[in-house]
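Colleague: Hi, could you walk me through this one? I'd like to know how you get from the numbers to the words.

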Amino acid sequence: MDLHEVHVSEPGLVVVDIAAADDQTAFAFHSALASMWATTAVERTTREPGQPGVRLRCYLDMRQQP
């Protein structure tokens, strides 16, 4: 997924790329973020062939409480 200006078009909007050893850790970190701020829903992680770990991207709005 490419990052576009619309994703961070205003102060308080953040793109968060999470790199973790496994799905459980990535989703746990996303849950911790979601407990403090409004975030996009996430359903799956991605893996790069030949690389260890997983990645997860979410969008966070620090202007709103969850």
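Colleague: How much area does the protein chain expose, and what share of it do carbon and sulfur atoms supply?

Modeller: Keep in mind that this is a predicted model. The protein chain exposes about 4,800 Å², and 54% of that comes from carbon and sulfur atoms.

Colleague: What makes the order of elements in the protein chain β-α-β-β?

Modeller: Just read along from the N terminus: a strand, then a helix, then two strands. That fits the count of one helix and three strands.

Colleague: Why is histidine 30 called buried?

Modeller: Buried means under 20% relative accessible area. Histidine 30 has 9% relative accessibility, so it counts as buried. You'll find histidine 30 in helix α1, residues 23–34.

Colleague: And why does leucine 56 count as buried?

Modeller: Apply the cut-off again, under 20%. Leucine 56 comes in at 4% relative accessibility, so it's buried too. Leucine 56 sits in strand β3, residues 54–61.

Colleague: How do you know that histidine 30 touches Leu56?

Modeller: A contact needs heavy atoms within 4.5 Å. Leu56 is one of the residues histidine 30 touches, and Ile18 and Val42 are also among them. From the other side, the contacts of leucine 56 include His30, Ala26 and Phe27.

Colleague: How far apart are leucine 56 and alanine 26, in sequence and in space?

Modeller: They're 30 residues apart in sequence, but 6.7 Å apart in space, C-alpha to C-alpha.

Colleague: What share of the residues in the protein chain is buried?

Modeller: Buried residues make up 24% of the 66.

How values were computed: Residues are numbered from 1 along each chain as its sequence is written. This is a predicted model: local features need pLDDT of at least 70, side-chain atom pairs count only at pLDDT 80 or more; totals for chains, interfaces and linings use all residues. Side-chain values use heavy atoms; hydrogens and water are left out. Helices (H or I, at least four residues) and strands (E, at least two) are DSSP runs, numbered from the N terminus. Buried means under 20% relative accessible area, exposed over 50%, partly exposed in between (1.4 Å probe, protein chains only). Accessible areas come from the Shrake-Rupley method with a 1.4 Å probe; for residues, only the protein chains shown count as cover. Lists of a residue's contacts leave out its neighbours within four places in sequence.
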